[in-house]
Amino acid sequence: MDNTFMDYQLDWRFQTFEELTNTALYDILRLRSEVFVLEQRCCFLDMDNKDQQCHHLSGYRHGKLLAFARIVPPGLSYEYPAIGRIVVSAQGRGAGYGVELLNMSIQKLEELYGKVPIRIGAQLYLKRFYESFGFRQSSEIYLEDEIEHIEMTRQNR
């Protein structure tokens, strides 16, 4: 592997809610608010009482959180396990962190639950990105916080 790419890889942390430090939780909530609330101009309550039951995947570079996703257990949001709150900071975009985040999220979910179908609720404009990981549209388009979304499912491989 090219060492220049290695220099850009993130330092990953995979934790239950109880394992998160106060600082890590603050970093996560701040990143999600920066992107989902401020950048995307959505007025919504991000803290949905699901974080406590999820695993949290955080990608840091030089001590700054640049990428995050939560692994949602089956039955909490969907019948299948899910990947949610998928986010890359504005400073981290364009460096391949979204690809790294999705690959790592799928790997961690499969370590927890095996090779099972995976569900996501995706913003419609990211459909092609998620399709590149094997996700397929599995719902009609719906509005969530005035943004077009679709459910997507990745079948067991």
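Tutor: Let's start with a term: a residue is buried if its relative accessible area is under 20%, exposed if over 50%, and partly exposed in between (1.4 Å probe, protein chains only). The model is predicted, so local features need pLDDT of at least 70 and side-chain atom pairs count only at pLDDT 80 or more, while totals for chains, interfaces and linings use all residues. Residues are numbered from 1 along each chain as its sequence is written, and side-chain values use heavy atoms, with hydrogens and water left out.

Student: Which residues of α2 are buried?
Tutor: Helices are DSSP runs of H or I with at least four residues, strands are runs of E with at least two, and both are numbered from the N terminus. In α2, the buried residues are Ala24, Ile28, Leu31, Arg32, Val35 and Phe36.

Student: Against which strands do the buried residues of α2 pack?
Tutor: Here contact means heavy atoms within 4.5 Å. The buried residues of α2 pack against β2 (55-61), β3 (64-72) and β4 (82-88).

Student: Where is the kink in α2 centred?
Tutor: The bend at a residue is the angle between axes fitted to the seven residues ending there and the seven starting there. For α2 there is a kink of about 30 degrees, and its centre is Ser33.

Student: Is Lys108 buried or exposed?
Tutor: Lys108 belongs to helix α3. Leaving aside neighbours within four places in sequence, Lys108 contacts Phe14 and Leu57. Because its relative accessibility is 18%, Lys108 counts as buried.

Student: Which element gives the most residues to the largest nonpolar core?
Tutor: A nonpolar core is a set of buried Ala, Val, Leu, Ile, Met, Phe, Trp, Tyr and Cys residues joined through side-chain atoms within 4.5 Å. The largest has 24 residues, and Ile83, Ile86, Leu101, Ile120, Tyr130 and Phe135 have the most contacts inside it. At least two residues each come from β3, β4, α3 (97-113), β5 (118-123) and β8 (147-154). With six residues, the element that gives the most to this core is α3.

Student: How many bridges join β2 to β3?
Tutor: Two strands pair if DSSP finds at least two bridges between them. β2 and β3 form a hairpin with two residues between them, and His62 in the turn has a positive phi of about 50 degrees. Gly59 stands opposite Ala67 in β3. The two strands run antiparallel, and the number of bridges joining β2 to β3 is seven.

Student: What is the bridge partner of Arg70 in β4?
Tutor: β3 and β4 pair in the antiparallel sense over five bridges. In β4, the partner of Arg70 is Gly84.
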